[in-house]
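Colleague: I would like to learn how to read a sheet and a pocket in a model. Could you walk me through it?

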Amino acid sequence: MDGLVCFEIRGDVAVITMNNPPVNALTTGVPQGVAEAVERACNDAAVRAIVVIGGGRTFAAGADINEFVRYAAGQGPWPVFHRWLNGIEDATKPVVMAIHGQAFGAGLELAMAGHYRVIATDAQVGQPEVKIGLIPGAAGTVRLPRLAGVRKAAEMCAFGEPLSAKSALDAGIVDRVVDGDLLESALAFARTASGPRRTRDLPITPDPTAIAELRTRCKKHLEAPLAAIEAIEKASALSFEDGCRAEAEIFRRLMQSDQCKSLIYAFFAERAVAKVPGIDKDTPIFPIREAGVIGAGTMGGGIAMALANAGLRVRLKDTEQAAVDRGLAAIRKNYERSVKSGRTTAEAVTERMSRITPQVNYAGFDSVDIIIEAVFESLTLKKQVFSEIDTIAKPDCILASNTSTLDLDEIAAVTTRPHMVIGTHFFSPANVMRLLEIVRGRETAKPVIATAMALAKSIKKVGVVVGNGFGFVGNRLVIPYMNEAQFLVEEGATPEQVDRVLTEFGMAMGPFAVADLSGLDVFWRIRQEKPRVPGARETLGLPKLYELGRYGQKTGAGWFHYGDDRKAKPDPEVVELVHRIACESGIAQRNITDAEILDRCIFALVNEGAKVLEECVASRAVDIDVIYLTGYGFPAHRGGPMFYADTVGLPHVLARVREFGWTPAALLEQLKPFHS
């Protein structure tokens with residue numbers, strides 16, 4: 001036809017193949033092409049039935065989000081999915097959808113417009129639109145409950161998790177699971193199909209109990225999950241046509257919401273950071289087959305796991321055998337948890353463990369392709385390590401530091417190859433956290449940066465390139481954020497109030513819970529390394545808690561108290577202690593509103609973010625947003641700190657910054673949006 005959809009006849013069955021690589025996105029022309037091909041087959045007397053299949057690696061992974069963005073911005077027409085899907089469902093001959101790979105979003109909506117569905121054993125189906133702040137928009141909330149029932153449909157649309165082939169069969173979404181040649185099996189199924197069976201004609205039974213239960217599971221600050229449940233509830237009480245109209249109304253409402261715009265921005269932001277300014281896509285990269293990791297502690301062990309999981313051979317070194325043994329034991333324990341939870345198999349663990357070679361010397365480090373240092377956060381120690389590996393590593397070996405705050409150029413200066421030195425700041429636990437902050441030094445070569453980005457992708461991390469400077473981007477911003485939280489407590493708030501406000505905003509954890517999890521001793525060390533600013537206010541509580549040995553969860557007490565269940569419990573003694581110290585220092589106590597807590601903490605991130613943009617430590621606002629979305633638990637439905645600032649309006653942000661008595665970043669004073 002036009003290349004997007006291909007038509008052929010196999011005996012008495014028409015085969016319609018979608019061919020829109022890489023994932024058969026249902027861009028304009030694809031659903032229309034399928035509908036026209038179905039009509040062509042219905043008009044051919046020699047055709048008994050129809051099979052629709054995806055070319056390449058998947059059936060259809062969903063609609064093209066760009067089309068919705070253009071529509072929301074008034075730059076394009078509303079995609080007319082309903083017309084084409086209804087045309088497919090109206091076919092007078094049986095239409096069998098053959099699913100492999102993924103049938104997600106509009107892909108599943110297309111499949112449900114067919115009369116029957118067969119699916120490969122390793123395929124998945126799902127309605128993940130909620131993850132970009134939307135609900136299904138092509139009758140997904142109307143057809144799915146007719147196949148799977150109200151409870152299962154509402155669960156799928158509200159939480160966006162995919163179903164396996166077997167689960168889809170059990171739910172009634174598909175008719176057969178195929179082990180073998182999918183097309184041949186679909187052809188055989190089509191030849192035995194009795195006739196059209198339209199999803200829209202299937203009965204639907206309201207389930208108010210399920211609807212009420214699922215609403216209680218939704219996070220109240222997220223709009224789309226509750227909207228998905230609303231749409232399915234309406235679909236269960238209305239005709240098919242009225243259900244579709246209700247769905248469209250809700251969909252359009254969500255498209256205009258700040259949450260949807262933020263989530264779509266976050267979706268594209270991860271792709272944007274992969275394109276590094278100044279690094280051409282043709283920049284050569286060094287092959288990475290084997291790595292050396294120095295330090296077998298929590299961070300080093302996690303890095304070794306991330307590398308081994310990606311198929312790399314890893315030499316894991318520490319100075320003492322006991323430290324190496326502890327590190328290996330921790331790695332094995334982490335893998336055992338994954339086996340127990342079903343995320344991996346015992347066989348896979350054995351294979352991954354075999355890739356990790358524990359050692360107490362540098363044997364074999366002369367042949368590895370990258371050495372990642374993950375020792376204690378001490379500039380003196382890191383410089384010592386780099387001077388050692390500089391004499392051992394082969395000339396084209398990349399020397400990487402896992403430093404989270406220290407001067408990378410000073411570390412590189414002790415080597416004879418500063419152009420081969422780069423920062424690879426992993427986040428703990430390194431085998432789980434998605435962010436990899438890649439720090440380019442003054443002399444870091446472009447191929448080294450390109451290689452680090454390629455490595456990040458290969459180990460399933462989101463690599464973000466940043467400049468050198470204390471704390472780089474992530475920890476540079478987190479310091480004023482954490483400080484403001486402590487200042488608020490000094491002025492009369494409580495740690496639990498501050499954490500509640502920030503988690504209600506959507507942060508994964510409150511700042512005091514984060515401090516206790518990371519360890520107050522860690523924050524104390526960062527404070528010692530941080531350059532002092534004359535006249536700047538210093539926090540009062542952290543030094544005292546450190547002095548008392550209250551390091552957080554690891555000692556059972558920090559800002560909060562922890563029992564055997566490791567759950568945070570408010571500790572009135574801490575509040576009394578901090579308030580007393582504050583009073584002795586002349587800080588007045590007062591009632592602090594939730595609104596002030598939110599603005600002081602979040603706008604501290606924004607103001608500091610503007611400063612790192614001014615200083616070119618971050619080259620783009622999107623880099624800051626992705627760092628906070630993937631590494632610091634910033635809520636995706638807010639888009640990241642800089643996107644959130646644009647959303648609430650920079651005049652408001654600037655006014656609040658001045659009200660708090662801070663020095664505004666010059667870039668913020670310009671009131672030019674961070675995202676144009």
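Colleague: Let's begin with the sheet: how many strands form it, and in what order?

Modeller: Keep in mind that this is a predicted model. To read a sheet, follow the strands from neighbour to neighbour. Here 6 strands make an open sheet with mixed pairing, and the order is β1-β2-β3-β4-β6-β9. At the edges you find β1 (5-10) and β9 (176-178), each of which pairs on one side only. On average, neighbouring strands are turned by 25° against each other, direction ignored.

Colleague: In which sense do β4 and β6 pair?

Modeller: Strand β4 (residues 95-99) runs parallel to strand β6 (residues 116-120), and 4 bridges link the pair. For a landmark, look at M97, which stands opposite R117 in β6. Helix α4 (residues 106-113) packs on the sheet, where it touches β2 (13-18), β4 and β6. The direction of α4 makes about 150° with that of β4.

Colleague: Now the pockets. What is the volume of the second largest pocket?

Modeller: The general idea is a rolling ball: a probe the size of a water molecule, rolled over the atoms, shows where empty space is left. In this model, the second largest pocket has a volume of about 1000 Å³. Among its 33 lining residues, P480, N483, K530, A536 and R537 are the closest to the centre.

Colleague: Which helix gives the largest share of that lining?

Modeller: That is α19, with 9 residues. Helices α19 (474-490), α22 (520-529) and α25 (594-614) each supply at least two residues.

Colleague: And how do the lining residues divide by character?

Modeller: The lining of this second largest pocket has 15 nonpolar, 6 polar and 12 charged residues.

Note on methods. Residues numbered from 1 in each chain as written. Predicted model: local features only at pLDDT ≥ 70, side-chain atom pairs only at ≥ 80, totals over all residues. Heavy atoms only, no water. Pairing = 2+ DSSP bridges. Axes fitted to C-alpha atoms, helices over the stretch in contact; angles between N-to-C directions. Contact = heavy atoms within 4.5 Å. 1 Å grid on protein atoms, 1.4 Å probe; cavity = no way out; pocket = protein on both sides within 12 Å on 5 of 7 lines; lining within 4 Å. Points joined across faces, edges and corners; volume = space filled by probe spheres on them. Nonpolar A, V, L, I, M, F, W, Y, C, P; charged D, E, K, R; others polar.
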